[in-house]
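Subject: Structure for your files

Dear colleague,

Here is the structure I said I would send. My notes on what was found in it follow below.

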Amino acid sequence: MGNGQIIKDAHAKINLGLDVLRKREDGYHEVKMIMQTIGLHDTLTFKRTEDDRIVIESDSGKLPLDEHNLIYKAAKVFFEETGQAFGVHVFLEKRIPIAAGMAGGSTDAAAAFEALNELAGCPCSQEKLMEIAVRVGADVPYCIMKGTALSEGIGEILTALPPVAPANLVIAKPDIDVSTAFVYKNLKVNELDSHPDIDGMKAAIEKNDLRGVTDRLGNVLETVTIPAHPIIGQLKDCCMANGAANALMSGSGPTVFAIFDSPVKAEQAAEKIRSEFQLHEVYVTEFWGQ
């Protein structure tokens, strides 16, 4: 059995391409996406304890720390599925913006599955963890897998892809909250004028062709979120005016990411966004591999 403490970095994700193919009979949307892990991450410290309680603390005052937290839910699912029983204390150092379309909660849950598995002496393979993780959320299996991946179905069918060619990123989250449920509810799948070329992007990734990837960035959810929150479009325009190869909203938003071919350009664009939009959550990072 593993003892002591385990520290995990939980990395954020962006969607380089996000297409919605149709709304299914069960109300879920069928998607086709390219997911990518980035350098920006939370840090979680796990300690095994003598009692059987799950205790979560955080330096963020904006998160529930009880059974509504995805770390707590992940621990419950892990203990139920494996028959393990022990207490755990988790400290979450939060850096990924909250409710931002970057899988911040899902990646923390993924880190919990990995750490608890280690503390329990590794009863589960990575495949098994991914299989049980879907009970916590659709993005959690991907956050266990990490890297670059094609995501299909309702997000649960994952195919690992080679790493994307290296690049510098600016991540900017406006001071607004966007409800994923609102975005999907208002998405008119049958009226979409265009769809991102996910197959072309996959081929570009396999050829290590960064320009082929940046030329194909696309997210159909922008058709809902940008009209509701024009600042997202303004942030994209600002990135493009300051040297980005391309810029896109991640997930259901409101975060915008932009891809640059040099760290200097990325830093300059980040400074411009901070001053022009008075935003606090602006980060310079990079793609993070498998």
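Helices and strands in these notes are DSSP runs numbered from the N terminus, where a helix is H or I over at least four residues and a strand is E over at least two. With those names, H2 supplies the largest share of the lining of the largest pocket, namely four residues. Please keep in mind that this is a predicted model.

Pockets

The largest pocket holds about 1100 Å³ of space. Its lining has 41 residues, and those nearest the centre of the pocket are Ala103, Ser106, Ala138, Asp139 and Thr180. Two or more lining residues come from each of E1, strand E2 (29-49), helix H1 (70-82), H2 and helix H5 (180-186). By class, the lining of the largest pocket consists of 22 nonpolar, 15 polar and four charged residues.

The second largest pocket has about 180 Å³ of space. Among the residues that line the second largest pocket are Ser60, Lys62, Lys94, Arg95, Lys173, Asp177, Glu281 and Tyr283. Six charged residues, five nonpolar and one polar make up this lining. Two of the residues named here, Lys173 and Glu281, come up again under the open sheet, where they are bridge partners.

Cavity

How many cavities of 30 Å³ or more does a search of the whole structure find? There is one, with a volume of about 40 Å³. The residues around this cavity are Asp9, Ala10, His11, Thr107, Ala110, Ala111, Glu114, Cys143 and Lys146. Strand E1 (5-23) and helix H2 (104-119) each give at least two residues to the lining. H2 contributes the most, with four residues. H2 also gives the largest share to the lining of the largest pocket. The cavity lining is made up of four nonpolar, three charged and two polar residues.

Strands E2, E5 and E6

Strand E5 (residues 148-153) is mostly covered, with five of its six residues buried. E5 pairs with E2 in the antiparallel sense over six bridges, and E5 is also joined to strand E6 (residues 157-161) by five bridges, again antiparallel. Ala149 of E5 takes part in both pairings: Met35 is its bridge partner on one side, and Ala160 in E6 is its bridge partner in the other pairing. The hairpin of E5 and E6 has three residues between the strands, and in this hairpin Gly155 takes a positive phi near 115 degrees.

The open sheet

Four strands form an open sheet with antiparallel pairing, in the order E9-E10-E7-E11. Which strands lie at the edges? They are strand E9 (246-249) and strand E11 (281-286), each of which pairs on one side only. On average, neighbouring strands of this sheet are turned by 20 degrees against each other, direction ignored. Strand E7 (residues 168-173) and E11 run antiparallel and are joined by six bridges. In this pairing Lys173 has Glu281 in E11 as its bridge partner; both residues also line the second largest pocket.

Helix H9 (residues 231-241) lies across E7, E9 and strand E10 (256-260). The helix runs at about 165 degrees to E9.

Regards

Definitions and conventions: Residues numbered from 1 in each chain as written. Predicted model: local features only at pLDDT ≥ 70, side-chain atom pairs only at ≥ 80, totals over all residues. Heavy atoms only, no water. 1 Å grid on protein atoms, 1.4 Å probe; cavity = no way out; pocket = protein on both sides within 12 Å on 5 of 7 lines; lining within 4 Å. Points joined across faces, edges and corners; volume = space filled by probe spheres on them. Nonpolar A, V, L, I, M, F, W, Y, C, P; charged D, E, K, R; others polar. Buried < 20%, exposed > 50% of the residue type's maximum accessible area, 1.4 Å probe, protein only. Pairing = 2+ DSSP bridges. Axes fitted to C-alpha atoms, helices over the stretch in contact; angles between N-to-C directions. Contact = heavy atoms within 4.5 Å.
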